[in-house]
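The paragraphs below lead through one protein model, strand by strand and then core by core. Keep the structure open beside the text.

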Amino acid sequence: MTYDIAVLGGGPAGVVTASGLARLGYRVVLFAKPRRIPAVEGLSERGLVGLRYSGCHQALERMGPAVRRLACWNGEHFSGNREWLIERRTFDAALWDDARAAGVEVVMGRAGSAQRQQTLWRIPWVSREGSGECRAGYLIDARGRAAPHGRNPVRGPLTVTLGRFWNSPQAGEPGTWVTSFQEGWAWLARDTQGAILLQLVVSTANQRLPPRAALAEHYQALQSTVDEARVWLDRARPLGGVFARYAQPQFNPRLLGESYARVGDAAFAIDPLSGHGVYEAISGGLALIATVNTLLARPGNAQWAERFYREKISDDFLRMARIGRDFYRQEQRWTIKPFWRERQIWPDDEPAHGVAQDVSPSIEMRPVNLEGFIDLREVIVTADHPRGIWQVAGVPLVGLLRAWREQGDKSLTDFAQGYGEHHDKPLNDCQAALAWLAQRHLLGSPPKDG
Ligand SMILES: Cc1cc2nc3c(=O)[nH]c(=O)nc-3n(C[C@H](O)[C@H](O)[C@H](O)COP(=O)(O)OP(=O)(O)OC[C@H]3O[C@@H](n4cnc5c(N)ncnc54)[C@H](O)[C@@H]3O)c2cc1C
């Protein structure tokens with residue numbers, strides 16, 4: 001019962017991290033506790049790519065259909081991208097199978113509070129079958145929003161979602177619909193059989209949630225103010241009661257400690273409006289695999305590994321929070337309503353993305369993820385990529401740029417062909433990397449070396 005690494009929580013962040021570390025040869029145990037509340041979510045295309053990249057084939061197989069996402073915001077109608085419906089209990093169970101296939105020991109039980117004694121963490125756990133204690137050298141907290149808050153978490157506006165399942169007798173197209181209303185916004189997902197989830201996202205800053213017995217009445221009052229709901233739920237019958245899920249954005253600055261890390265929603269949780277929570281959890285997991293591998297196998301690079309992880313997670317959190325704010329700002333009809341006012345000013349007034357041309361690019365040494373380890377490499381830093389980009393399509397950019405500067409007067413195609421042959425890189429990949437440099441005007445005016 002002694003492992004190299006213990007992961008608490010079997011959502012996408014925990015499973016991706018545990019599986020990646022097990023594939024690198026670590027003995028990993030994962031504690032997974034099934035969800036109490038049913039949930040349907042929409043997975044973005046990036047989430048799908050992330051699952052494929054992480055080897056989560058069972059989860060991909062057991063996902064719901066791709067559906068169209070339609071939105072009505074500020075009174076305007078949009079046809080958004082596709083999303084894939086996931087029923088979280090089925091999806092999470094498939095993820096646990098993926099973890100087992102990767103060599104992770106999955107314990108179906110609730111992990112208690114872990115204590116560090118000398119060089120090992122001791123983790124008590126309970127399950128339906130019994131209880132026990134296991135030991136591990138490194139501890140990863142992936143318990144989602146249930147993870148205990150670290151000191152001084154950064155918190156966004158108080159947000160709760162009220163959901164209810166419905167059954168519609170009418171045949172209809174499957175899909176998801178988002179609409180804004182005075183007190184918040186609504187998300188509806190409908191499958192081919194007419195099963196519907198209508199979720200209302202509201203603030204609890206000024207009005208606390210009523211007791212559980214009065215939730216259905218509260219939901220009904222809110223739902224009656226959503227014009228579209230009348231059409232969506234025409235002749236539909238409710239199935240079961242109303243359930244609440246807390247959805248306040250938050251960031252826990254204590255991302256890493258001694259033999260300890262947080263990942264996924266336990267590190268930062270974003271507003272569900274983004275539809276990218278699962279993708280961000282996977283992306284954080286992928287970054288943590290290389291970080292932990294470096295901390296354990298190449299401790300000489302520990303400071304770079306920690307810097308890499310801290311910067312990635314804090315940047316992702318701020319960027320996603322600002323993107324959310326900008327989307328809330330597009331709704332102009334109810335700007336004096338507390339729900340909208342709070343979200344249109346949080347987290348700050350800074351732009352979500354730097355503009356490539358705003359700051360002249362420079363070449364700097366930065367930590368990068370290099371085949372499972374974090375190491376220092378020369379990267380190109382631009383305003384739109386403040387942490388720097390070191391390669392595009394597998395082609396290191398700084399080497400490519402220097403070779404371009406040193407070449408005579410070859411055309412881009414001839415140069416790409418010659419560079420590809422010399423460095424054993426496909427022509428298309430060299431062209432993609434050159435296009436990245438050209439878009440930032442780097443091929444004409446070389447960046448200063450810093
Ligand atoms: C209302 C709402 C709607 C959302 N809609 C979307 C959406 O449409 N698309 C999207 O991409 N994202 C959505 N999200 C965000 C998404 O759910 C999360 O970002 C994502 O699941 C985070 O993954 P995770 O692995 O960090 O945490 P989770 O998926 O929450 O997984 C954590 C796991 O840890 C388990 N756990 C907790 N405590 C313990 C313990 N003591 N022992 C063992 N296990 C434990 C939990 O049971 C859970 O299985 C939504 C979130 C909310 C709140």
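How many bridges join strand E7 to E9, and do they run parallel or antiparallel? Two bridges link strand E7 (residues 110-111) to E9, and the strands run antiparallel. The model is a predicted one. Within the pairing of E7 and E9, Arg110 has Val126 in E9 as its bridge partner.

Strand E9 also pairs with strand E8 (residues 115-117), again in the antiparallel sense, through three bridges. Here Arg116 has Trp121 as its bridge partner in E9. E8 and E9 form a hairpin with two residues between the strands, and in that hairpin Gln118 adopts a positive phi near 50°. A further antiparallel pairing, over six bridges, connects E9 with strand E10 (residues 131-141). Trp125 is matched with Gly132 in E10. E9 and E10 make a hairpin too, with four residues between them.

The side chains of E9 can now be considered. In a regular strand, side chains alternate between the two faces of the sheet. Strand E9 (residues 120-126) shows this alternation: Trp121, Ile123 and Trp125 point to one face and are buried. Leu120, Arg122, Pro124 and Val126 point to the other face and are not buried.

Next comes an open sheet of eight strands, with the order E3-E5-E4-E13-E14-E15-E12-E16 and mixed pairing. Its edges are strand E3 (40-43) and strand E16 (237-246), each of which pairs on one side only. On average, neighbouring strands in this sheet are turned by 25° against each other, direction ignored. At the E3 side, helix H2 (residues 45-53) packs on the sheet and touches E3 and strand E5 (76-87). The direction of H2 makes about 85° with that of E3.

At the E16 side, strand E12 (residues 159-167) is joined to E16 by seven bridges, and the two strands run antiparallel. Val160 stands opposite Tyr246 in E16. Helix H5 (residues 215-223) lies across E12, strand E13 (175-181), strand E15 (195-203) and E16. H5 runs at about 90° to E12.

The interior comes next. In soluble globular proteins, nonpolar side chains tend to be buried together. The largest nonpolar core in this model has 57 residues, of which Ile5, Val28, Leu30, Leu51, Met63 and Ile140 touch the most other members. Helix H7 (residues 277-297) supplies the largest share of this core, nine residues. A second, separate core has 21 residues, among them Leu70, Val160, Trp166 and Leu233. Back in the largest core, Ile5 has contacts that include Leu21, Val28, Ala136, Tyr138 and Ile140, with residues up to four places away in sequence not counted. Val292 and Leu296 are also among the residues that Ile5 touches.

Tyr279 is in helix H7. Why is Tyr279 counted as buried rather than exposed? Its relative accessibility is 19%, and the cut-off for buried is under 20%, so Tyr279 counts as buried. Neighbours within four places in sequence aside, Tyr279 is in contact with Ser44, Arg46 and Gly47. Tyr279 and Leu412 are 133 residues apart in sequence, and their C-alpha atoms are 35 Å apart in space.

Glu371 gives another case, in the loop between strand E21 (362-370) and strand E22 (373-382). Because its relative accessible area is 80%, over the cut-off of 50%, Glu371 counts as exposed. Glu371 and Ala290 are 81 residues apart in sequence, yet 7.9 Å apart in space, C-alpha to C-alpha.

Gln250 belongs to strand E17 (residues 250-251). With a relative accessible area of 6%, Gln250 is buried. Beyond its neighbours within four places in sequence, Gln250 is in contact with His149, Val154, Arg155, Ala267, Phe268, Ala269 and Phe317.

The last topic is empty space inside the protein. Rolling a probe the size of a water molecule over the atoms shows where such space is left. The count comes to three cavities of 30 Å³ or more. The largest cavity has a volume of about 140 Å³. Its lining consists of 15 residues, of which Pro249, Asp271, Ala321, Gly324 and Trp346 lie nearest the centre of the cavity. Helix H8 (residues 302-329) gives the most to this lining, with six residues.

Note on methods:
Residues are numbered from 1 along each chain as its sequence is written. This is a predicted model: local features need pLDDT of at least 70, side-chain atom pairs count only at pLDDT 80 or more; totals for chains, interfaces and linings use all residues. Side-chain values use heavy atoms; hydrogens and water are left out. A nonpolar core is a set of buried Ala, Val, Leu, Ile, Met, Phe, Trp, Tyr and Cys residues joined through side-chain atoms within 4.5 Å. Buried means under 20% relative accessible area, exposed over 50%, partly exposed in between (1.4 Å probe, protein chains only). Contact means heavy atoms within 4.5 Å. Two strands pair if DSSP finds at least two bridges between them. Axes are lines fitted to C-alpha atoms, for helices over the stretch in contact, and angles run from 0 to 180 degrees between N-to-C directions. On a 1 Å grid over the protein atoms alone, a cavity is a set of points where a 1.4 Å probe fits but cannot get out, and a pocket is an open set with protein on both sides within 12 Å along at least five of seven lines; lining residues have an atom within 4 Å of a point. Grid points are joined across faces, edges and corners, and a volume is the space filled by probe spheres set on the points.
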